[in-house]
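Open the model in a viewer and keep the sequence panel visible. The stops below are given as selections, each followed by what is found there.

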Amino acid sequence: MRALVSVNLGAIERNVALLSARAPSAQLCAVVKANGYGHGAVAVAQAAIDGGATWLAVATSTEATSLRDAGVEVPILLMGALTAPELEAALRAQADVVAWSEEFLARVAALGGGRVHVKLDTGMGRLGTRDRALATRLTEQARSDAQIELVGLMTHFATADELGDDFFAQQLDEFTSWADEVVATNPGLLRHAANSAALLRDAKSHFDLVRPGVACYGLDPFGVDPTAQGLEPALRLESYVASIKRCDAGQSTGYGRSFVAEQATMIATVPVGYADGWKRIFSNNAEALINGRRFPVVGNVSMDNMTLDLGSDGGAVQIGDAVTLLGSDGDDRILSEQLATRASTINYEIVTSISERVPRSYVGAADGAS
C-alpha cells in the first residue's frame, strides 16, 4: 500500500475519558466534523462514545446524516450554517440545529419543528447574533412555538488557545451573564461554550456541556505538546521506500531542481505527495523517520511523490522499508504540532488535510474494529 493512515481508537477513547474527567460537572460533546478531523468520523464517534461522550457535533447535514445512517443514536449538534435543503436533511437526521435569526426559527417550524440551540456571538464574529436582545427574543420565540424544542444556549471562543489573553475572559463573562439571565426564566437549558482549549484552560467555561474537538484526537489545542496535557496522538501516517538511487554532485531531484546535491548522496523516493495531504510546503522543509532515524525531505514535494536524502552511505535503508511521516518510530516521533510549525499553520490543518485516497486502518478499538 502506497500510504496508510492508522488510527488508534483506544487512544481516542482514553483522550475523551481524560477530557470528561477534566470537566466532571458537564456532559461531553465530541466534535467529529471534517471526517473526524481526518481520522474517520464513524469509527471516531463510537470511540468517543465509549470514552464517555454523550453528544457528538458536526458542521454539515451530510455529516449528521452519515452518522445516523451508521447507527449513531446519541444527540448530534449541527453547528454550521444551513441552506433550505440542508436544514431539511438535518431535521430528517434528527440533528439539533443552531439559530441566530427569527427567519431561521420560522423555517424550522415550517418544516415540522426540531431541536434548537440559540447562539450568541460574543466575539468570534462569524455565526450567531451579536445582538443580545435578539438572542433573548429568539429563546422566547422558540419557547412559544410548540413545534420547536429549545435545548441550549451557546457561544464560541475566539482566543481560548492563546494563553494569557484578555479577550477569552471578556467572552466568557458576556456569555455567562446572558445565559444566566435566560436560564433564570427557562430552567433546564444546556449552556455550552468550551472548545478543547477552553475546557483545559478554565473550569468556568464548562457550564453544562463541553465541545472538545482537536483534543479528542490527541492533538494539543495550544499547539505545543499533547503529552503535556496527558493526551495521546491517535493518528499515524506512513508510506514506504519505493526507490533508492545515487545522486551525484550537481545532480538534482524533483520539479524545479530545488535540491541540487553538493556531494554524492543517496535519494529515496516515497510515494506520498500533496494529493495525499503531505503538503508542498514541506519541500526541503521536513523530515521523515525510517527505522527510527530521521532523514530530511529534499526537493519539491509533488502530487504523488517526495524524496528523502539518505546520505552518502544510504543510511542502511532498503527498498520496502516503512517511512513514518507522522507518528512514532522507535524512540523518535513526528508530531502534528511539529509539522504545523514547519508549515506555519495549526495541527488541525495537518490532520484534516490527509486526503480520502489514503486508506484508514483502525487499531485499539474496544469492540475489536480494525
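The tour goes from the whole chain to the pocket, the cavity, a set of strands, the cysteines and a few loops.

**Whole chain**

Start with everything selected, and keep in mind that this is a predicted model. Show the C-alpha trace: along its principal axes it spans about 75 × 45 × 40 Å. In cartoon view, the protein has eleven helices and 20 strands. Of the 370 residues, 53% count as buried. Among contacts with a separation of 6 or more, 64% are between residues 24 or more positions apart.

**The largest pocket**

Select His156, Asp161, Asn195, Ile346 and Tyr348. The largest pocket has a volume of about 600 Å³, and those five are the closest to its centre of the 30 residues that line it. Now colour helix H2 (33-37), helix H9 (196-201), helix H10 (336-343) and H11; these are the elements that give two or more residues to the lining. Which helix gives the most to the lining of this pocket? H10 does, with three residues. By residue type, the lining of the largest pocket divides into 15 nonpolar, nine polar and six charged.

**The cavity**

Next, look for enclosed space. Rolling a probe the size of a water molecule over the atoms shows where empty space is left. A search of the whole structure finds one cavity of 30 Å³ or more, and its volume is about 50 Å³. To see its lining, select Leu237, Gly277, Trp278, Phe282, Leu326, Leu339, Ile350 and Ile354. Seven of these lining residues are nonpolar, one is polar and none is charged.

**Serine 355**

Move along the sequence to serine 355, in the loop between helix H11 (347-352) and strand S20 (360-363). Is serine 355 buried or exposed? Serine 355 counts as buried because its relative accessibility is 16%, under the 20% cut-off. Show the residues around it: leaving out those up to four places away in sequence, serine 355 touches Ala275, Asp276, Gly277 and Arg360. Gly277 also appears in the lining of the cavity.

**Three strands side by side**

Select residues 243-247, 265-270 and 306-311, which are strands S11, S14 and S17. S11 and S14 run antiparallel and are joined by five bridges. S14 and S17 are also antiparallel, again with five bridges between them. Pick isoleucine 267 in S14 to follow the pairing across: lysine 245 stands opposite isoleucine 267, and so does aspartate 309 in S17.

**Cysteines**

Select the cysteines and display their sulfur atoms. How many disulfides does a search of the whole structure find? The search finds zero. Cysteine 216 is an example: the nearest cysteine sulfur, that of cysteine 29, is 8.9 Å away. Cysteine 216 is buried, with a relative accessible area of 2%. Cysteine 247 is buried too, at 4%.

**Glycine 292**

Go to glycine 292, in the loop between strand S15 (287-290) and strand S16 (293-298). At 31% relative accessibility, glycine 292 counts as partly exposed. Add aspartate 331 to the selection and draw a distance between the C-alpha atoms. Glycine 292 and aspartate 331 are 39 residues apart along the chain, and their C-alpha atoms are separated by 6.6 Å. Outside its neighbours within four places in sequence, glycine 292 is in contact with Asp329 and Asp332.

**Two positive phi angles**

The last stops concern the backbone. Most residues other than glycine have a negative phi, and most peptide bonds are trans. Select glutamine 94, in the loop between helix H5 (84-92) and strand S5 (96-99). Phi of glutamine 94 is positive, near 55 degrees. Glutamine 94 is exposed, with a relative accessible area of 60%.

Finish at arginine 257, in the loop between strand S12 (252-253) and strand S13 (259-260). Arginine 257 is not a glycine, yet its phi is positive, at about 50 degrees. With a relative accessible area of 47%, arginine 257 is partly exposed.

Definitions and conventions. Residues are numbered from 1 along each chain as its sequence is written. This is a predicted model: local features need pLDDT of at least 70, side-chain atom pairs count only at pLDDT 80 or more; totals for chains, interfaces and linings use all residues. Side-chain values use heavy atoms; hydrogens and water are left out. On a 1 Å grid over the protein atoms alone, a cavity is a set of points where a 1.4 Å probe fits but cannot get out, and a pocket is an open set with protein on both sides within 12 Å along at least five of seven lines; lining residues have an atom within 4 Å of a point. Grid points are joined across faces, edges and corners, and a volume is the space filled by probe spheres set on the points. Ala, Val, Leu, Ile, Met, Phe, Trp, Tyr, Cys and Pro count as nonpolar, Asp, Glu, Lys and Arg as charged, and the others, Gly among them, as polar. A disulfide is a pair of cysteine sulfur atoms within 2.5 Å. Buried means under 20% relative accessible area, exposed over 50%, partly exposed in between (1.4 Å probe, protein chains only). Two strands pair if DSSP finds at least two bridges between them. Helices (H or I, at least four residues) and strands (E, at least two) are DSSP runs, numbered from the N terminus. Contact means heavy atoms within 4.5 Å.
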